[in-house]
Amino acid sequence: MWVRTIKITFANELMKNSVRSHMSNTVDLTEGMLLVYRVDLSSNISFVNHFFPSKEPLERFSEKLKPFRDQLNAMGSMLEINDGPVWGFIVVGDVTL
């Protein structure tokens, strides 16, 4: 399993909320993605985690989203992207979100 983490600093809260809505409707769980979750770090900063079964789907996803990342950068957002293999993923049996 592979994960991509993205810390996005948006120009403002309205931009963050608009992008979140767009991503939820058009990007989440595509290209073989197994799991996605977001954490709001502040009113204009989000931390996004995308989990994939292997590196290849992650690379396809990354290529598909390149134009979107370029647009975010052009609008003044800052993206910090990291990815790598998952080696310690544990969930307790009675977790509900």
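Which residue forms a salt bridge with Arg-20, and how far apart are the closest N and O atoms? In this predicted model, the partner of Arg-20 is Asp-40, and the closest N and O atoms of the two side chains are 3.1 Å apart. Arg-20 belongs to helix α1 whereas Asp-40 belongs to strand β2, so this salt bridge ties together parts of the chain that are 20 residues apart in sequence. The arginine has a relative accessibility of 28% and counts as partly exposed, and Asp-40, with a relative accessible area of 37%, is likewise partly exposed. Lys-16 is also involved, since Lys-16, Arg-20 and Asp-40 are linked in a network of salt bridges.

## Sheet and helix packing

The strand β2 that carries Asp-40 is part of an open sheet of four strands, which are arranged in the order β2-β3-β1-β4 and paired in antiparallel fashion. The edges of the sheet are taken by β2 (35-42) and β4 (78-85), and because each of these has a single partner strand, one side of each is left without a neighbour in the sheet. Averaged over neighbouring strands, and with direction ignored, the turn of one strand against the next is 15 degrees.

Within the sheet, strand β1 (residues 2-9) and strand β3 (residues 45-52) run antiparallel and are joined by eight bridges. In this pairing, Arg-4 stands opposite His-50 of β3. Helix α1 (residues 13-26) packs on the sheet, where it touches β2 and β3, and the direction of the helix makes about 175 degrees with that of β2.

## Nonpolar core

In soluble globular proteins, nonpolar side chains tend to be buried together. Here the largest nonpolar core has 17 residues, and those with the most contacts inside it are Phe-10, Val-19, Phe-61, Phe-68 and Leu-72. Two or more residues of this core come from each of the elements β1, α1, β3 and α2 (55-74), with the largest share, five residues, being contributed by α2.

For Phe-10, the surroundings can be listed residue by residue: when residues up to four places away in sequence are not counted, Phe-10 touches Met-15, Lys-16, Val-19, Asn-44, Ser-46, Leu-72 and Ser-77. Two of these contacts, Val-19 and Leu-72, are themselves named among the residues with the most contacts inside the core, while Lys-16 belongs to the salt-bridge network with Arg-20 and Asp-40.

## Salt bridges

The count of salt bridges comes to eight, and the table below gives three of them.

| Salt bridge | Closest N and O atoms |
|---|---|
| Arg-20 with Asp-40 | 3.1 Å |
| Asp-28 with Arg-38 | 2.9 Å |
| Asp-70 with Lys-66 | 3.0 Å |

The pair of Asp-28 and Arg-38 joins the loop between α1 and β2 to strand β2 itself, so that parts ten residues apart in sequence are tied together. Asp-28 has a relative accessibility of 18% and counts as buried, because the limit for that class is under 20%, whereas Arg-38, at 24%, counts as partly exposed.

The pair of Asp-70 and Lys-66 has another setting, as both residues lie in helix α2, four residues apart, which is about one turn of the helix. Asp-70 is partly exposed, with a relative accessible area of 38%, and Lys-66, at 37% relative accessibility, also counts as partly exposed.

## Aromatic pairs

A pair of aromatic rings is described by the distance of the centres and the angle of the planes. Three aromatic pairs are found in a search of the whole structure. In one of them, the rings of Phe-51 and Phe-89 have centres 5.5 Å apart and planes at 65 degrees, so the pair is edge-to-face. This pair links distant parts of the chain, with Phe-51 in strand β3 and Phe-89 in the segment after β4, 38 residues apart. Phe-51 counts as buried at 6% relative accessibility, but Phe-89 is partly exposed, with a relative accessible area of 44%.

Phe-52 and Phe-61 form an aromatic pair that is tilted, at 5.2 Å centre to centre and with 50 degrees between the planes. Here Phe-52 counts as buried at 0% relative accessibility, and Phe-61 is buried with a relative accessible area of 3%; Phe-61 is also one of the residues with the most contacts inside the largest nonpolar core. Finally, Tyr-37, Phe-51 and Phe-89 form one aromatic cluster.

Terms used
Residues are numbered from 1 along each chain as its sequence is written. This is a predicted model: local features need pLDDT of at least 70, side-chain atom pairs count only at pLDDT 80 or more; totals for chains, interfaces and linings use all residues. Side-chain values use heavy atoms; hydrogens and water are left out. Two strands pair if DSSP finds at least two bridges between them. Axes are lines fitted to C-alpha atoms, for helices over the stretch in contact, and angles run from 0 to 180 degrees between N-to-C directions. Contact means heavy atoms within 4.5 Å. A nonpolar core is a set of buried Ala, Val, Leu, Ile, Met, Phe, Trp, Tyr and Cys residues joined through side-chain atoms within 4.5 Å. Buried means under 20% relative accessible area, exposed over 50%, partly exposed in between (1.4 Å probe, protein chains only). A salt bridge is a side-chain nitrogen of Lys or Arg within 4 Å of a carboxyl oxygen of Asp or Glu. Rings of Phe, Tyr and Trp (its six-membered ring) pair if their centres lie within 6.5 Å; planes under 30 degrees apart count as stacked, over 60 as edge-to-face and the rest as tilted.
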